[in-house]
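User: Please walk me through how to read a few features of a structure, one at a time.

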Amino acid sequence: CVVLWGMLKGRIPESPAVLEIGEANWYGDVLPGEVGIEASEDAFAIAKAYYRKVLGYRLLHSIDMNGRTALVHDLNRPLPFSRVYDIVINTGTAEHVFDQRQVFETIHNATREGGLMVHSFPIAGCTDHGFYTYSPCLMRELARANKYELLAATGTVSGNDKIGHLAWQNTTGNAVVVPQQREAVPITGGEFRN
């Protein structure tokens, strides 16, 4: 989400090592000319050029079951390496992974202490898009249990589909803590109404 990256300006480490959970491709939110490449380039090249412009990364790795240059890996399983990154990006992949504990543990473990975790995920609508949509409760309790600092949050709406975008800082570098729901908000039916 272009807006989220703008909100993170000044929080992005210099020349970061970046891991994409799911190799990003272009969805039309950035004009190719804005990132210095031709519109005829493929969607994966446009996304990488955008990340180069915004993040100035020194290293960009991707994990995906598909992708163009990604390490092919099933995110239902732990990563086959223990490297940590300055920024871990999950922009539309976690909802396609059945084992949610594992995918969020992977993101946590791959993020260095002080590093950023950037997420975009469906919070409403997106019927038949993936296995899951995410509630604010899950995100709040995951952050609370692991002492993540919320750096930025926003959302986008397209028809009935609502996508949440957020960035956390991994403040402790400790092992991941599985959250417990502390309180239940009464069901009113109005949480995601326009």
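Analyst: Let's begin with contact, meaning heavy atoms within 4.5 Å of each other. Helices (H or I, at least four residues) and strands (E, at least two) are DSSP runs, numbered from the N terminus. This is a predicted model, so local features need pLDDT of at least 70 and side-chain atom pairs count only at pLDDT 80 or more, while totals for chains, interfaces and linings use all residues. Residues are numbered from 1 along each chain as its sequence is written, and side-chain values use heavy atoms, with hydrogens and water left out.

User: Fine. What covers the buried residues of α3?

Analyst: Buried is under 20% relative accessible area, exposed is over 50%, and partly exposed lies in between (1.4 Å probe, protein chains only). The cover over the buried residues of α3 includes the strands β1, β4 (85-91), β5, β6 and β7 (161-170), along with helix α4.

User: How many of the residues of α3 are buried?

Analyst: In α3, 8 of the 11 residues are buried, so the helix is largely enclosed by the rest of the structure. Look for Gln100, Gln102, Val103 and Phe104, then Thr106, Ile107, His108 and Ala110.

User: Phe104 is an aromatic residue, so let's do rings. How many aromatic pairs does the structure hold?

Analyst: A pair of aromatic rings is described by the distance of the centres and the angle of the planes. Rings of Phe, Tyr and Trp (its six-membered ring) pair if their centres lie within 6.5 Å; planes under 30 degrees apart are stacked, over 60 edge-to-face, and the rest tilted. There are 7 aromatic pairs here. Take phenylalanine 104 with tyrosine 134: the centres are 6.0 Å apart and the planes sit at 85°, so this pair is edge-to-face.

User: Which parts does that pair tie together?

Analyst: Phenylalanine 104 is in helix α3 (residues 100-110), and tyrosine 134 is in the loop between β5 (111-124) and α4 (136-146), so the pair ties together parts that are 30 residues apart in sequence. Phenylalanine 104 counts as buried at 10% relative accessibility, and tyrosine 134 also counts as buried, at 3%.

User: And phenylalanine 121 with tyrosine 134: what is the distance centre to centre?

Analyst: For phenylalanine 121 and tyrosine 134 the value is 5.3 Å centre to centre, with 65° between the planes, and the pair is edge-to-face. Phenylalanine 121 comes from strand β5 and tyrosine 134 from the loop between β5 and α4, so this pair ties together parts 13 residues apart in sequence. Both phenylalanine 121 and tyrosine 134 are buried.

User: Which residues form one aromatic cluster?

Analyst: That would be Trp5, Tyr50 and Tyr51.

User: Now the backbone. Where does serine 15 lie?

Analyst: Serine 15 lies in the loop between α1 (2-7) and β1 (17-21). It isn't a glycine, yet serine 15 has a positive phi of about 45°. With 31% relative accessibility, serine 15 counts as partly exposed.

User: What about lysine 147: buried or exposed?

Analyst: Lysine 147 is exposed, its relative accessible area being 57%. You'll find lysine 147 in the loop between α4 and β6 (148-158). Lysine 147 has a positive phi of about 60°, although it is not a glycine.
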